[in-house]
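Me: I would like to go through this model with you and ask how each label is earned. Could you set the values against the definitions as we go?

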Amino acid sequence: MANKGETVDDLKQKLAYKMRNLRPKQRKFLRAYIKTGKVGQSCADAGYSPRSASTHAYRMLKKDTPVKDAYDLAMQIEALEHGIPLSHKRAWIMQALEKAQ
């Protein structure tokens, strides 16, 4: 979450830092997932086995993981820049994660 007084540019710097700390496959997955919204396909595109892509995605996007933290920050930036309600985005993400299990 943004602290009071943080700008979108501040959040983008935080996101860049978080992305640098992810492993290469995790970065590829996160970029693809943010772009497409397709969990399993994004995981497979990042180089994870297509047979276990959904499992990997679920593990990366569950609570308290570096990938989830970076994703949440990216969605917060998107919401601030484009006025997308986060509650709508979160509901859609939860449905995708439930399908992945």
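**How the labels are earned**

Reply: Gladly, and a good place to start is a pair of rings: both Phe29 and Tyr33 are buried. This is a predicted model, in which local features need pLDDT of at least 70 and side-chain atom pairs count only at pLDDT 80 or more, while totals for chains, interfaces and linings use all residues. Residues are numbered from 1 along each chain as its sequence is written, and side-chain values use heavy atoms, with hydrogens and water left out.

Me: What makes Phe29 count as buried?

Reply: Buried means under 20% relative accessible area, exposed means over 50%, and partly exposed is in between (1.4 Å probe, protein chains only). Phe29 has a relative accessible area of 0%, so Phe29 is buried.

Me: And why is Lys12 called partly exposed?

Reply: Its relative accessibility is 38%, so Lys12 falls in the class between the two cut-offs. Lys12 lies in helix H1 (residues 8–20).

Me: Which class does Gly47 belong to, and why?

Reply: Gly47 is at 43% relative accessibility, so Gly47 also counts as partly exposed. Its place is the loop between helix H3 (39–45) and H4. The C-alpha atoms of Gly47 and Lys28 are separated by 8.3 Å, with their positions 19 residues apart along the chain.

Me: What makes Leu73 buried?

Reply: A relative accessible area of 6% is under the 20% limit, so Leu73 is buried. Leu73 is in helix H5 (residues 66–82).

Me: How do you know which residues Leu73 touches?

Reply: Contact means heavy atoms within 4.5 Å. Leaving aside neighbours within four places in sequence, Leu73 is in contact with Leu11, Lys14, Leu15 and Lys18. Leu73 and Lys12 are 61 residues apart in sequence, and their C-alpha atoms are 8.3 Å apart in space. Lys12 itself touches Ile77 and Glu81, not counting residues up to four places away in sequence.

Me: What does Phe29 contact under that rule?

Reply: Neighbours within four places aside, the partners of Phe29 are Val39, Ser42, Cys43, Ala46, Tyr48, Ala57, Met60, Leu61 and Val67. From Phe29 to Met60 is 31 residues in sequence and 9.3 Å in space, C-alpha to C-alpha.

Me: Why are Phe29 and Tyr33 called a stacked pair?

Reply: Rings of Phe, Tyr and Trp (its six-membered ring) pair if their centres lie within 6.5 Å; planes under 30 degrees apart count as stacked, over 60 as edge-to-face and the rest as tilted. The count by this rule comes to 2 aromatic pairs. Phe29 and Tyr33 have 5.7 Å centre to centre and 10° between the planes, so they form a pair and the pair is stacked. Phe29, Tyr33 and Tyr71 form one aromatic cluster.

Me: Where do Phe29 and Tyr33 sit along the chain?

Reply: Both lie in helix H2, 4 residues apart, about one turn of the helix. An α-helix has 3.6 residues a turn, so residues three or four places apart point the same way.

Me: What makes the charge of Lys25 sit over the ring of Tyr48?

Reply: The rule asks for NZ of Lys or CZ of Arg within 6 Å of the ring centre and within 35 degrees of the ring normal. The charged end of Lys25 is 5.0 Å from the centre of the Tyr48 ring, and sits over that ring.

Me: How do you know that the buried residues of helix H4 are on the same side?

Reply: In H4 (residues 53–61), Ala53, Ala57, Met60 and Leu61 are buried. They cover an arc of only 85° around the axis, which puts them on the same side of H4. The arc is that of the directions from the helix axis to the C-beta atoms.

Me: How many helices and strands does the chain have?

Reply: Helices (H or I, at least four residues) and strands (E, at least two) are DSSP runs, numbered from the N terminus. The chain has 6 helices and 0 strands.

Me: Which helix has the lowest mean pLDDT, and which the highest?

Reply: pLDDT is the predictor's confidence in each residue, from 0 to 100. Helix H6 (residues 86–100) has the lowest mean, 58, and helix H2 (residues 24–36) the highest, 91. The chain averages 81, and 77% of the residues score at least 70.
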